[in-house]
Amino acid sequence: MVARNKLAITGGRVIDPGEEIDQISDVLISNGRIEKVTRKTDESKFDGYEVIDATGMIISPGFIDLHTHLRDPGQEWKETISSGTRAAASGGFTTVCAMPNTDPVQDSASTVEDVIRRAALDGIVRVLPIGAISVGQRGNQLAPMGELADAGVIGFSDDGNPVEDANLMRQALAYSAEVGLPVINHAEDKKIAGGGVMTAGLVATRLGLAGAPNEAETAMVARDLYLAELTETRLHIPHISTIGSIEVLRSAKDRGVNVTAEVTPHHLTLNEEWVFGLKGEVPSSVGLQSYDTNTRVNPPLRSKADVGALVDALREGVIDIIATDHAPHAATDKVCTYNEAAPGINALETAFSSVFVLVDSEKISLVRLIESLTTRPASILGRDLGRLRKGFPADVTFIDPLALWVVDPSTFASKSVNTPLAGVEMTGQVVRTIYQGKTVFQSQPQVRNNG
Amino acid sequence: MASGNNKVLLTGDGVRRALTRISHEILEQNAAPDDPVLVGLQTRGVHLARRIAENIEHIEGYEPIVGSLDPRLWRDDPQVASGQPLMPSDIPTSVDGRLVVIVDDVLYTGRTIRAAMEALLDFGRASRIQLAVLVDRGHRELPIRPDFIGKNIPTSRGERVQVRMLEIDGEDAVLIGEEH
Amino acid sequence: MAQQSTASPSYLEQDAIAFQPRRHLLDVDDLSASEISGLLDTAKGMLEITARDVRKTPALRGKTIITMFFENSTRTRVSFEQAGKILGADVINITASASSVSKGESLLNTVKTLQAMQIDALVVRHPHSGAPYFISNHIDASIVNAGDGTHAHPTQSILDLFTVRAHLGNISGKKIAIIGDILYSRVARSDIIAFQKMGAEVVVSCPNTLLPDEWELGSTLALESGFGGLRLVKSVEEAVDGADVVMPLRIQKERQDAGRLPSLREYSVRWGINSQKMALANDAALLLHPGPMNEGVEISSEVAHGAQSVVEEQVRNGVAVRMAVLYTLCAPGNSVPVIRNAGSSEPN
């Protein structure tokens, strides 16, 4: 007889950077929590457990995404808490932090409580809300951070909009000391960006698209770092994308500034040349696939040099974590000219596989990669998550490192399909996700690379 | 420059004699003062028209006016991708009330001539239009008939008639060969 | 039945692949030098037709061409309309305002409606770079780009080539000086590419604020820029010195408003083309301008109407060039794209 709440995941390569485990192990779960992780396999120990054979799999703590747009409430045609959490589960994420740029904006306890309540009903993974920095995200008046913290937010952001008023940013940082939660500013100086729809450079010039220079981000990241240093409070830099930003971040950390930073999977793997629509190939003449609106995102895809520096910085830990900035958009917002396209990439279901290639090419270790998705985000949240430690919620992600698959957005759990990776072949895939001891996602890879 | 299996149907002398005969026939049928405007079709027809004009000058002492016409844009069959450029037409006189003799190298289906006639109508209302060709190879698809013929050459559809001219190809000749 | 001619244009001698029927003309970067030559030759034949009493041919009879302009432009629109009509096509004009069109939904829906109407060609001008590329993915018609954002204006560059060739013969080896707002100019981009393809040396002079960020004055651009070989010189005088073609571009007040220029007056003093500057060019040099001209700003009235100015010819040539383009794309036999490979006479 097998008890429904007892699970034994056996024979997989367990990688838990927080607990310093990287070896073939068995993970025992009961009542939705981790019971233990053991090295030796012993048949008798699994009596009464439902056994899941994880031979050949990598077993990781469930991924944690500090930056997701669930679009719910307000833009439910793009995504809902239900579809968004299903997309998260497909991507191996058991915790997502929901950005507050909903309609209404998450700038009061009632809206936050509504999201929390509905996530408990409709969501299949953990949803942690982020509150706004300013009322309505309009950048004029501070949102009630105390009230929002009491309601359960894990940080504050006006994401989508930068806090343009430097004084408001300073005051937001200073006031956040009250609750000890990070301020997460979308760093974009719109005046420097000058209406750019992609990054400034050779590609923008060839395509005749207005280009936003790197400095539109770097200048504001620098401002935020100095303000955080001044106020001695917590700053978290979302979707960092430039060499300049990395440099000021590094020197700020060296000086002891209390700052963490995240990078998206697309900024780690794609670059400005993808706007030609040929998966990174540069054509001799601008072709019919050019102006691929699925590449339009804020901050924009950058140069190869920036990408290389971001990977290095993630490996070294200057950039702390990977966060998806999952931004679903409807077809009407993407089937149009580049200028008209809404910025944002649908990322939850391709995130892990797209960065897994960095392990293959030895740019980053698998352990560090998993750490950037589990241990580190959990420590930024300050919660008991992201580890397979006894008593922690049984959030587990199974990865088949040899699975071969092709990205097909029509099979996404997300309501939207806006990814530039359609048709791209991937190696490595999340094949099962367990949240609080229950399987919330499972798939069978079609093809495995046994070579 | 001729490919291996081309056969010579008319030598240089044959071409020249044919043109002389055509020139006489034109004069015979059209007594003065009805002097014709010779309109050659691009490209070889233009050279043929000039030669006929020279002949007429030797015979009668006056040289008829020679014009050129590219009927490409009036055709009913696709010719865009043939690789040949569109040539400007040039008829340096009004054709209203005049006799016009269209001159071309090879008459085949008749479609080029039909297009040429329609193009000519946009230049004015000729009183009469006649047709002179160096070679008539048969297989007409439209009710077009030449008034002056250099040589009748029965051919099959798989064959290709090639007219070479001194001004362009370095020699005068009419060759027949297989279409590849 | 096409017979070999030793007087053939250069492009016939080049490839074993016959002139490749095209579906669209989106930018000159996609055309080979021999295709451009072919278009110029065809335009020459077309020009003669525009000079006749009866300016008409039935070549595109029964074809429907729509001009869809999201930006004001009487000159270019009428030029295309005339080109289509002389060729016997039915030409319908649609003017729309991009700002009154709410987001892409309406552009897409407009295009889908046209698709249902089964038109043959769509001539598009739109303020967003890439719009014609987007449109071509949603409609079967041939698309002719009449100007997209700051990206390209291919027919303008072809008519500029035509005009220069008519006066100076060979374009190869000639020095072309383009003066003005490069950053925002689709004419500049297409002209640079077109003249470079035909072997000319192209030189640019303009304020640093009107160049793409990564272009440095005093340098020559590398191949991967897409404009390889373009020289960016530090003074107008250096650009115009010994030039065979001088092309000042229209400078717009919006640039001053955006803080890129202190004033149009300063621009005119430092970069404006006047008789003094034209004197530095070759004696036989031509003055081209895509129009409309801001006399007194980028060009003096004297030069605009002077002996070297071929601006009016550009307009006339525009119709002939657009006729050549429409004919090449739309004539029967070209309605289905066919790639003929070397060594085979069968269409694929």
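**Exercise 1.** In this predicted model, identify which residues A:Phe156 touches, leaving aside those up to four places away in sequence, and then place A:Phe156 within the largest nonpolar core.

*Solution.* Begin with the contacts, for which the C-beta atoms, placed from the backbone, must lie within 7 Å. With residues up to four places away in sequence not counted, A:Phe156 touches A:Ile130, A:Gly131, A:Ala132, A:Ile133, A:Ala143, A:Met145, A:Ala172, A:Ser176, A:Leu181, A:Val183 and A:Ile184. Next, turn to the core: the largest nonpolar core has 283 residues, and A:Phe156 is listed together with C:Ala177, C:Val246 and C:Leu326 among those with the most contacts inside it. Finally, consider the contributing elements, where helix 13 of chain C, residues 311-330, gives the most to this core, with ten residues.

**Exercise 2.** Determine the strand order of the open five-stranded sheet in chain B, and explain why strand 3 and strand 6 of chain B each have one side without a neighbour in the sheet.

*Solution.* The order is 3-2-4-5-6, and the pairing is parallel. Strand 3 (66-69) and strand 6 (148-152) of chain B stand at the edges with a single partner strand each, so one side of each is left without a neighbour in the sheet. Neighbouring strands of this sheet are turned by 25° against each other on average, direction ignored.

**Exercise 3.** Describe how strand 4 and strand 5 of chain B pair, and state which strands helix 2 of chain B touches.

*Solution.* Strand 4 (residues 99-107) and strand 5 (residues 128-136) of chain B pair in the parallel sense over eight bridges, and B:Val100 stands opposite B:Ile129 in strand 5 of chain B. Helix 2 (residues 44-60) of chain B packs on the sheet, where it touches strand 2, strand 3, strand 4 and strand 5 of chain B, and its direction makes about 150° with that of strand 2 of chain B.

Methods. Residues numbered from 1 in each chain as written. Chains lettered and ligands numbered in written order. Predicted model: local features only at pLDDT ≥ 70, side-chain atom pairs only at ≥ 80, totals over all residues. Pairing = 2+ DSSP bridges. Helix = DSSP H or I, 4+ residues; strand = E, 2+ residues; numbered from the N terminus. Axes fitted to C-alpha atoms, helices over the stretch in contact; angles between N-to-C directions. Contact = placed C-beta atoms within 7 Å. Core = buried A, V, L, I, M, F, W, Y, C linked by C-beta atoms within 7 Å. Buried ≥ 20, exposed ≤ 12 C-beta atoms within 10 Å, placed from the backbone.
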